[in-house]
Amino acid sequence: MWNIHKLYSDTAREIVKALREYHILSQLSQPGISKSNALAERANREVQATARTLLLHAGLPSCFWPWAAPFATLMDNVLSKHNGKTPWEWTHGEEWSSDLIPFGSSVAFHPNETQGAEYHKMDPRATVGVFAGYSLRDGYRWDGYYHVWDLRDFAELSLSMDANSADFRNLTAHRVKNLDTNREGSSFPLKAEYDRVNQTLEGIRGSRTTEGPL
C-alpha cells in the first residue's frame, strides 16, 4: 500500500475536496496556464494521438473518440513497462489475462439479443463484428466481456471523418462473453469504405451532398 503525502493536480473541486478529506498536501497548477500542468497535458496529448491513430486504422470517424481514447489508455496500461512491470500489473498484482485484440478489427461473435438484436433463429450462430474494446468494471478490472459492433449495422451509415455522433445514436455495442478472431492476422472491415469516403474525390463529393446517413 502506497502512502501519498503530496499530490500535484489541477484545481478541480472534487480533487481539492478529496485532498482535504484525506489530509494530503496539495500543489495546484495555475488555472488557464497549461505549462503549469505539463505532465497531465503531455499524457493527454499522447492519448489523443494514439486515439487518432486507432480511429484511422479502424476506419472510424472522429466522433468515435469516446471508444478509442479509453482503449488507448488501457493498452498503455497493459503494454508499457515501468521498473519492469506494466501499470496494470502494479495495480492488480498480475499481468493482463486476455488476448490483445486490435481496435476496430474483424471478429466473429453471437449478437446479444437482450440488447435488442433481432435475428432469425436459422441465422448463423456467429456474425462478423467490429471490435470496440473491453468491458471494465469498478476498480479498473476487466469483467471478462467484450464490446462489439455488428458490421451489418454500418451498412447505411456514413463513415465520413466529419460524421456527427448523432448519426450513430442507434448503433449498438454488444456486450458479449465469447468471440473469435482471425488467427492469421487482423483485418479492419470498415477501413476500405472509410478510405473511399474520405480519400477519393467521389467519396468526398458524396459526403458533402448527403445529409445524414447514406
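Helices (H or I, at least four residues) and strands (E, at least two) are DSSP runs, numbered from the N terminus. The model is predicted: local features need pLDDT of at least 70, side-chain atom pairs count only at pLDDT 80 or more, and totals for chains, interfaces and linings use all residues. Residues are numbered from 1 along each chain as its sequence is written, and side-chain values use heavy atoms, with hydrogens and water left out.

**Exercise 1. Overall description**

State how many helices and strands the protein has, and in what order they run.

Solution.
Step 1. The protein contains six helices and seven strands.
Step 2. Read from the N terminus, the order of elements is β-α-β-α-α-α-β-β-β-β-β-α-α.
Step 3. Confidence is expressed as pLDDT, the predictor's confidence in each residue, from 0 to 100. Its mean over the protein is 85, and 83% of the residues reach 70 or more. Strand β1 (residues 6-9) has the lowest confidence, with a mean of 73, and α5 the highest, at 96.
Step 4. Of the 214 residues, 35% are buried; buried means under 20% relative accessible area, exposed over 50%, and partly exposed in between (1.4 Å probe, protein chains only).
Step 5. Contact means heavy atoms within 4.5 Å. Among contacts with a separation of 6 or more, 58% are between residues 24 or more positions apart.

**Exercise 2. The nonpolar core**

Identify the residues with the most contacts inside the largest nonpolar core, and the elements that build this core.

Solution.
Step 1. A nonpolar core is a set of buried Ala, Val, Leu, Ile, Met, Phe, Trp, Tyr and Cys residues joined through side-chain atoms within 4.5 Å.
Step 2. The largest such core has 39 residues, and Tyr134, Trp149 and Phe154 have the most contacts inside it.
Step 3. Two or more residues each come from α2 (38-58), α3, β3 (106-109), β4, β5 and β6. The largest share, seven residues, is that of α3.
Step 4. Beyond four places in sequence, Phe154 touches Leu60, Phe64, Val130, Trp149, Leu159, Phe168, Leu171 and Leu190.
Step 5. As background, nonpolar side chains tend to be buried together in soluble globular proteins.

**Exercise 3. Salt bridges**

Determine how many salt bridges the structure holds, and examine three of the pairs.

Solution.
Step 1. A salt bridge is a side-chain nitrogen of Lys or Arg within 4 Å of a carboxyl oxygen of Asp or Glu. The structure holds four.
Step 2. One of them joins the side chains of Arg175 and Asp143, at 2.8 Å from N to O. This pair links distant parts of the chain, 32 residues apart: Arg175 is in strand β6 (residues 173-176) and Asp143 in strand β5 (residues 141-150). Arg175 is partly exposed, at a relative accessible area of 33%.
Step 3. Another joins Asp195 and Lys191, at 3.2 Å from N to O. About one helical turn separates Asp195 and Lys191, because they are four residues apart in helix α5 (residues 191-199). Asp195 is partly exposed at 22%, and Lys191 is partly exposed at 23%.
Step 4. A further bridge pairs Arg196 with Glu193, whose closest N and O atoms are 3.0 Å apart. Because Arg196 and Glu193 are three residues apart in helix α5, they too are separated by about one helical turn. Arg196, at 32%, is partly exposed, and Glu193, at 30%, is partly exposed.

**Exercise 4. The surroundings of Thr127**

Establish whether Thr127 is buried or exposed, and which side chain it meets in a polar contact.

Solution.
Step 1. Thr127 lies in strand β4 (residues 127-137).
Step 2. Thr127 counts as buried because its relative accessibility is 14%.
Step 3. A polar contact is a pair of N or O atoms within 3.5 Å; within protein, one must be able to donate a hydrogen and the other to accept it, and residues adjacent in sequence count only if both atoms are side-chain atoms. The side chain of Thr127 makes such a contact with that of Arg152, at 3.2 Å.
Step 4. Leaving aside neighbours within four places in sequence, Thr127 is in contact with Val107, Ala108, Phe109, Pro111, Asp150 and Arg152.

**Exercise 5. Positive phi values**

Locate His23 and Asn83 in the chain, and state the phi of each.

Solution.
Step 1. Most residues other than glycine have a negative phi.
Step 2. His23 has a positive phi, near 55°. His23 is in the loop between α1 (13-21) and β2 (25-28), and counts as exposed at 72% relative accessibility.
Step 3. Asn83 has a positive phi, near 55°. Asn83 is in the loop between α3 (65-79) and α4 (87-92), and counts as exposed at 76% relative accessibility.
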